[in-house]
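Work through the exercises below with the structure open. Each one sets a task and then solves it in steps.

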Amino acid sequence: MKRIRPSRWSGQLLQARRGAGIPAARTPLCLAVRCQSTSSVPASDSSTLDSSSSASPPPAPPLPAPSFDRAPQSAKLAALHARLSLSKKIPLQTLARALVTPSADANPNFNNANLAYLGSTIINFHVYEYLVCKWPRLPMAILYEALRAYAGDESLQQIARRWGVEAAAAPGEEVDPGLLQWKAGESNVVNTRWGYIRSEAAKGKAWRRGLSSRVVLDSDFGDQVSSSSSSSSSSSASESERLEYNTLQSEAFGSVVQAVIGAIYTHCGRDEAKAFVKSHILSRELDPSRLFQFKLPTRELAMLCAREGFEPPVARLESETGRLSRTPVYVVGIYSGKEKLGEGTGASLDVARRKACMTSLKAWYLYSPGNKVRVPSDMMEPGAKPWTAPHIDIGEII
Amino acid sequence: MDLRSLLRPASQLVAPLRHLAAAAISSSPSPSSALLVVPLISTRGHKTTARTKRSLKMAPHDSFLPSRSAAFPAADQIIYNPPASEASPEHTPFIFLPRNDPRRLAILRLRNNNTFSDPSSQPSSSSSSSPSSTEAAAAAAGDGELPPEMRYKRRQPKYNLTKEHIDEMRRLRAEDPLTWSVQRLARKFECSTVFVQMAAPAPEEHLRWLRAKMERKKERWGPIRTAAREDRKRRAEMLYRGEL
Amino acid sequence: MTVKALRAIADGKCKKLDLHYCDWAGSSKGMNGFIKSLLPKFAAANPQIEFAVSPRPGKHPVIVGHYINGRTKPICVRNLSPYEILQKVELLRDASGEKLRRTNKAVLSTKPSVRGIWSPYHGKGMAV
């Protein structure tokens, strides 16, 4: 796992530096109008600035997203704030900023990119530590998919929709700040993913990525970080367009959840953020046994038994019916010595044996110390009990 | 087949039995003989749904009930009645449990108790009626009560080949790959075909010739055989994904 | 590896209530009274709901509930007294947004059964 220190970043990321990151195309007047961030400048300051600037005759070009000083007037924002039962410490302006994606407003002082990045590190940290402690023997590939099932963009989009977040038809200044501001088709320049752009990626598909290099080089979900998000090799143009629209949409909705958690971390602290992640993300249901896809289960099980010093696995026919009929059923159990490892049913002896092997392997991988596992971040609570090391597995079967 | 011709003898068979039973009741009106008749003329259906349900209601099996051997508030006990269903992979088998897992210690304790108490009669109250728990079964099935082994091809490593053997194998394969085929070499050196393929690969032109031969063979396949092969491949993938 | 979409548990909640009234029509008399007297307190007690009050001249008064699952529930409240309307609003607030359907199972759960699916090839059988 990568070492992340979100506590150090939060200050820098959220501090708005005057004029930093603002594109050169912006007029200085516009800069004067919008030179506040939700976090650094108090609201009274903004009103004086606004009144002074409104006196100047030339009309400012419309803002790409609603101004944050309209946030307290939005009924939608207040309702969302109350629905999530957020703390009073989180101002409505921050919540409004969490709803502005980089595709609507490219200025990082006014969009949610920084908050979302902070939030995603917190989510991934808590989900990872939970997964590693709950299922210590999960292979790395399954762990990545389990993380994606909890904290991937599609799942976060579901969460955001369940919160009642709606997208605006098109982002703009006049839109209610309680609506999600995003639009598709805009190239996303802000890189919100942590990872390295590999030099070997130019070789294409012929080049093989190992799993251990994914841990170090790739993004949190084990995906390759590319310089430009170009999706190709799809069947038809409309199909690929639709796919791209869906990914952009789920990214936009997912960034809201991440940004809200980032805001909670910034305003309320670590414990509140953890409790929020626990109740909104880790409370969801995931069946990890559905994530497996095997290649040679019989061989893998034999290797496992050899590695662990068990007796070699033997398939035994437990019961059968209709051997000479069109639809026979065989129940095959896998035994190591006298211990039963798993069983499977199938319409042929071979299928039943392979299924039994797969069940046995799943039984190995899905070992869990219990439903109430302690995770490392539990130790940060005051008055925590002394730490007992969780079960640590020696690794995957090679 | 005509179903009616089958049904009629059956009803004819039942009819004299019914007479017999009636005669038995009339001659000796004992309740046991009357009970014997019941299965023959039993009806599952009743006039109303409520009556049908009431008549089909059964008392729970003994294994679901606490033991009545002691007086009622005797002691707390666990009713262990394993389900008649396929075990889920969520239940980690005994040998897969790590050394410090409390479940491992509990199962070990249970097994030790069972082995001590087994030679005598079974005093264990609740699980005695259904000893089909995996742990108890594994402990009890120590002496050859396991189900029969299946016959399938299993890897039995022999490690019988030396460097000279492999050199010889390579020489033969390079000399005449047609006569010294993979199967023949495997038979000669008593090793697996995979090992021959790894240790002594054929020359490139021979492989190309083999591939071309296979291609020609595949071209002769009709649509049915091609589809069947594809389906088989897809089925295997589904199996490995756990969808089958 | 396959990505498994998580099971979406329909968590219906009211997110918005539209209240439509008419200044002129007599059928809106109760609605106008409700908006003046009871609505502020009700809205303050339910901050999670967005309230939108808008005129709809020449029409009967209507309350429309918008739910998180995307469904809406409109209720016409013509000629109702303010307290009857309050009952309707509470009904909309407490509704899940799902279609009303009969529940004839005691337990609804997304978890798999603890004892598994019965199979004739397992267990010792039971003599009846």
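The exercises concern a predicted model, and they go from chain folds to domains, helix pairs, a chain contact and two backbone angles.

**Exercise 1. Secondary structure of chains B and C**

Task: Work out how many helices and strands chain B has, and do likewise for chain C.

Solution.
- Step 1. Chain B holds 10 helices and 0 strands. Read from the N terminus, its elements are α-α-α-α-α-α-α-α-α-α.
- Step 2. Chain C holds 2 helices and 4 strands. Read from the N terminus, its elements are β-α-β-β-β-α.

**Exercise 2. Burial and contact range**

Task: Find what percentage of the residues in chain B is buried, and what percentage in chain C. Then find what share of the contacts joins residues at least 24 apart in chain B and 24 or more positions apart in chain C.

Solution.
- Step 1. A residue is called buried when 20 or more other C-beta atoms lie within 10 Å of its own.
- Step 2. In chain B, 8% of the 244 residues are buried. In chain C, buried residues are 20% of 128.
- Step 3. For contacts, take pairs at least 6 apart in sequence; in chain B, 49% of these join residues at least 24 apart.
- Step 4. In chain C, of the contacts with a separation of 6 or more, 76% come from residues 24 or more positions apart.

**Exercise 3. Domains**

Task: Locate the assigned domains of chain A and of chain B, and state how far apart their C-alpha centres lie in chain A and in chain B.

Solution.
- Step 1. In chain A, domain 1 is assigned to 68-201 + 210-226 + 239-287, and domain 2 to 297-366. Their C-alpha centres are 42 Å apart.
- Step 2. In chain B, domain 1 is assigned to 159-202 and domain 2 to 215-243. Here the C-alpha centres are 30 Å apart.

**Exercise 4. Helices 10 and 11 of chain A**

Task: Describe how helix 10 (residues 237-268) and helix 11 (residues 270-280) of chain A pack.

Solution.
- Step 1. Two numbers are needed, because two packed helices are described by the angle between their axes and the distance between the axes.
- Step 2. For helix 10 and helix 11 of chain A, the angle is about 150° and the axes are 7 Å apart. Helix 10 of chain A is therefore roughly antiparallel to helix 11 of chain A, since angles over 145 degrees are classed that way.
- Step 3. The crossing of helix 10 and helix 11 of chain A is right-handed.
- Step 4. Helix 10 of chain A contributes A:Ile261, A:Ile264, A:Tyr265 and A:Cys268, and helix 11 of chain A contributes A:Arg270, A:Glu272, A:Ala273, A:Phe276 and A:Val277. Sorted by class, the contact has 7 nonpolar, no polar and 2 charged residues.

**Exercise 5. Helices 6 and 7 of chain A**

Task: Do the same for helix 6 (residues 113-134) and helix 7 (residues 140-151) of chain A.

Solution.
- Step 1. The axes of helix 6 and helix 7 of chain A come within 10 Å and cross at roughly 130°. That angle makes helix 6 of chain A oblique to helix 7 of chain A.
- Step 2. This crossing of helix 6 and helix 7 of chain A is right-handed.
- Step 3. From helix 6 of chain A come A:Ile123, A:Asn124, A:Val127, A:Tyr128 and A:Leu131, which meet A:Leu143, A:Ala146, A:Leu147, A:Tyr150 and A:Ala151 of helix 7 of chain A. The classes are 9 nonpolar, 1 polar and no charged residues.

**Exercise 6. The contact of chains A and B**

Task: State how many residues each of chain A and chain B gives to their contact, and which element of chain A gives the most.

Solution.
- Step 1. Chain A gives 35 residues and chain B gives 25 residues.
- Step 2. On the chain A side, the elements giving two or more residues are strand 1 (313-321), strand 2 (329-336), strand 3 (339-346) and helix 13 (349-365).
- Step 3. Helix 13 of chain A gives the most, with 9 residues.
- Step 4. The chain A side divides into 17 nonpolar, 8 polar and 10 charged residues.

**Exercise 7. Positive phi**

Task: For A:Ser85, give phi, the place in chain A and whether the residue is buried or exposed; repeat for B:Glu190.

Solution.
- Step 1. Most residues other than glycine have a negative phi.
- Step 2. A:Ser85, not a glycine, has a positive phi of about 40°. A:Ser85 sits in the loop between helix 4 (75-83) and helix 5 (92-98) of chain A. With 10 other C-beta atoms within 10 Å, A:Ser85 is exposed.
- Step 3. B:Glu190 has a positive phi near 55°. B:Glu190 sits in the loop between helix 7 (182-189) and helix 8 (193-199) of chain B. B:Glu190 counts as exposed, with 10 C-beta neighbours inside 10 Å.

Notes: Residues are numbered from 1 along each chain as its sequence is written. Chains are lettered from A and ligands numbered from 1 in the order in which they are written. This is a predicted model: local features need pLDDT of at least 70, side-chain atom pairs count only at pLDDT 80 or more; totals for chains, interfaces and linings use all residues. Domain bounds come from an automatic or database domain assignment. A residue is buried if 20 or more other C-beta atoms lie within 10 Å of its own, exposed if 12 or fewer, and partly exposed in between; C-beta atoms are placed from the backbone. Two residues are in contact if their C-beta atoms, placed from the backbone, lie within 7 Å. Ala, Val, Leu, Ile, Met, Phe, Trp, Tyr, Cys and Pro count as nonpolar, Asp, Glu, Lys and Arg as charged, and the others, Gly among them, as polar. Axes are lines fitted to C-alpha atoms, for helices over the stretch in contact, and angles run from 0 to 180 degrees between N-to-C directions. Angles under 35 degrees count as roughly parallel, over 145 as roughly antiparallel, 65 to 115 as roughly perpendicular and the rest as oblique. A crossing is left-handed if the near helix is turned anticlockwise from the far one by less than a right angle, and right-handed if clockwise.
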